[in-house]
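Got your viewer open? Here is a short walk with a few stops; keep your selection tool handy.

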Amino acid sequence: MKRYEMTAQQLREILLYSPETGVFTRKVPTGMNTHVGEVAGGLHVHGYWNIRVCGNRYPAHVLAWLYVYGAYPEDCIDHINGNRA
C-alpha cells in the first residue's frame, strides 16, 4: 500500500469532510484555481475520486479514513456500495 505524508491534523486544517455525504470541501485555497467552500477533487479515469492537496494526489476514500480515524488504513478499503467515487 502506498504511504502518504500528510497527517490527519494537516488534512483537517485544509479540508472539511462530511461522513453523511462523503464530500470533501475546501477550508482554505490550496492553489490558484481552488476556492474556499468548493467541492475538492475530481473523478479519475479509473472511477475513483481523487483530491490534490499540496501537490500530491490522494484517493478520497483514503483521505476519508484518515479524517475519521486519524491514521491511514493498513489494508485496502472496500467500497461497500460498489461505487468507487
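Start by selecting Leu-15 and showing everything around it: leaving aside residues up to four places away in sequence, Leu-15 touches Phe-24, Thr-25, Arg-26, Lys-27, Ala-40, Ile-51, Val-53, Leu-63 and Tyr-67. Keep in mind as you click around that this is a predicted model.

Now colour strand S1, residues 15–18, and you'll find Leu-15 in it. Is Leu-15 buried or exposed? Turn on the surface: Leu-15 is buried, because its relative accessible area is 0% and the cut-off for buried is under 20%.

Next, pick Val-53, one of the contacts of Leu-15. Draw a distance between the two C-alpha atoms and you should get 9.2 Å, for a pair sitting 38 residues apart along the chain.

Second stop: Thr-34. Look for it in the loop that runs between strand S2 (23–26) and strand S3 (42–43). Loop or not, Thr-34 counts as buried, since its relative accessible area is 15%, and under 20% is what buried takes. What does Thr-34 touch, not counting residues up to four places away in sequence? Select Arg-26 and Pro-29: those are its contacts. Arg-26 should look familiar, as it was also among the residues touching Leu-15.

Last stop: helix H2, residues 60–69, where you'll find Trp-65. At 34% relative accessibility, Trp-65 is partly exposed, because that class lies between 20% and 50%. Add Val-68 and Tyr-69 to your selection, and with Trp-65 you have a nonpolar patch on the surface. Together the three offer about 320 Å² of accessible area.

Key. Residues are numbered from 1 along each chain as its sequence is written. This is a predicted model: local features need pLDDT of at least 70, side-chain atom pairs count only at pLDDT 80 or more; totals for chains, interfaces and linings use all residues. Side-chain values use heavy atoms; hydrogens and water are left out. Helices (H or I, at least four residues) and strands (E, at least two) are DSSP runs, numbered from the N terminus. Buried means under 20% relative accessible area, exposed over 50%, partly exposed in between (1.4 Å probe, protein chains only). Contact means heavy atoms within 4.5 Å. Patches are made of residues with over 30% relative accessible area and no salt bridge: like charges are joined within 9 Å, nonpolar side chains (Val, Leu, Ile, Met, Phe, Trp, Tyr) within 5 Å. Accessible areas come from the Shrake-Rupley method with a 1.4 Å probe; for residues, only the protein chains shown count as cover. A salt bridge is a side-chain nitrogen of Lys or Arg within 4 Å of a carboxyl oxygen of Asp or Glu.
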